[in-house]
Amino acid sequence: MSKKIKVLIFILLVLPLVDVLYSCCGCGDVKIAHLNYLYKSFSLKNLDNGGESAVVSDLEQINKNVYGIRVFLQVEKIAPKKSGSSTRLGFISPAYATICFECPEEIFSPRDSVTSVKVFTLNDFDEEKSKNSDISEYFKVAHSFSSIDDYERYLNLEYDYMPVDYTIRFDFLLMKAPQGTREKHKFKVQIALSDGRILEQETTEIELI
């Protein structure tokens with residue numbers, strides 16, 4: 001068999017497979033509604049990370065070595081932005097794409113993205129961080145253990161399903177204990193958005209022992 005014939009056979013075999021993959025990834029001719037969601041508000045809870053997993057605590061005292069903050073960020077769906085459809089190569093029927101995951105009918109993306117997340121201490125924390133200082137560097141994000149600055153990009157995600165009211169939950173774990181043995185502390189979380197809005201909430205006062 002000549003080299004040219006082998007190449008031709010290879011092309012004829014591979015092109016249908018490429019089309020199947022393209023149909024899967026591109027969703028064929030399925031129309032997808034592109035919707036937006038809005039970061040609406042958020043609330044905070046004190047965390048005790050002393051067990052197998054971090055739990056919300058309403059106690060007035062928490063060990064300073066296992067303290068954390070849980071953020072409940074509320075989002076809501078808003079009106080559609082646009083709709084469109086993907087293109088598809090013409091080598092094979094889109095029916096063969098049924099071997100892939102079903103394409104979503106809707107995709108939700110943030111109308112206004114999160115540009116920064118910061119944590120401030122509302123009491124003197126240590127010799128370097130006095131009242132109202134930014135102490136974001138003292139926290140890590142649970143599970144990923146990324147810095148708060150690095151975590152911002154994970155908030156502006158696209159979703160293929162979203163209920164009317166949806167809550168994104170994430171935990172900040174304190175990695176550097178404050179000075180003192182029995183001191184009361186209070187923290188403020190600030191979330192800045194690309195439209196200029198700044199959302200702020202404060203924790204309840206907690207004694208870190």
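Here a trainee and a mentor talk through the terms used for this predicted model.

Mentor: Quick ground rules: this is a predicted model, where local features need pLDDT of at least 70 and side-chain atom pairs count only at pLDDT 80 or more, while totals for chains, interfaces and linings use all residues. Residues are numbered from 1 along each chain as its sequence is written, and side-chain values use heavy atoms, with hydrogens and water left out.

Trainee: What makes Lys 40 and Glu 76 a salt bridge?

Mentor: The term asks for a side-chain nitrogen of Lys or Arg within 4 Å of a carboxyl oxygen of Asp or Glu. Here the N to O distance is 3.6 Å, so the pair fits the definition. Lys 40 sits in strand S1 and Glu 76 in strand S4, so this pair ties together parts 36 residues apart in sequence. In total, the structure holds 12 salt bridges.

Trainee: Why is Lys 40 called partly exposed?

Mentor: Buried means under 20% relative accessible area, exposed means over 50%, and partly exposed is in between (1.4 Å probe, protein chains only). Lys 40 comes out at 44%, so it counts as partly exposed. Glu 76, at 22%, is partly exposed too.

Trainee: And Asp 171 and Arg 70, are they buried or exposed?

Mentor: Asp 171 has a relative accessible area of 9%, so it is buried. Arg 70 has 8%, so that residue is buried as well. Their side chains meet in a salt bridge at 2.7 Å, N to O. That pair links Asp 171 in strand S8 with Arg 70 in strand S4, 101 residues apart.

Trainee: How do you know that Glu 202 and Lys 186 meet in a salt bridge?

Mentor: Their N to O distance is 3.4 Å, so the cut-off for a salt bridge is satisfied. Glu 202 belongs to strand S11 (residues 198-202), and Lys 186 to the loop between S9 and S10, 16 residues apart. Glu 202 is partly exposed at 43%, and Lys 186 is partly exposed at 26%.

Trainee: Which residues are linked in a network of salt bridges?

Mentor: Arg 111, Asp 112, Asp 195 and Arg 197.

Trainee: What is the largest nonpolar core made of?

Mentor: A nonpolar core is a set of buried Ala, Val, Leu, Ile, Met, Phe, Trp, Tyr and Cys residues joined through side-chain atoms within 4.5 Å. The largest one has 37 residues, and Phe 172 and Tyr 39 are among those with the most contacts inside it. Strands S1, S4 and S8 are among the elements that each supply at least two of its residues.

Trainee: What does Phe 172 touch?

Mentor: Contact means heavy atoms within 4.5 Å. Leaving out residues up to four places away in sequence, the list for Phe 172 includes Ile 69, Val 119, Phe 139 and Ile 148.

Trainee: What makes S1 and S5 paired strands?

Mentor: Strands are DSSP runs (E, at least two residues; helices are H or I, at least four), numbered from the N terminus. Two strands pair if DSSP finds at least two bridges between them. Five bridges join S1 to S5, so they pair. They run parallel, and Leu 35 has Phe 108 in S5 as its bridge partner. Four of the five residues of S5 are buried.

Trainee: Why is one side of S6 and of S11 left without a neighbour?

Mentor: The open sheet runs in the order S6-S10-S11, with antiparallel pairing. S6 and S11 stand at the edges with a single partner strand each, so one side of each has no neighbour in the sheet. Seven bridges join S6 to S10, and Val 114 stands opposite Leu 193 in S10.
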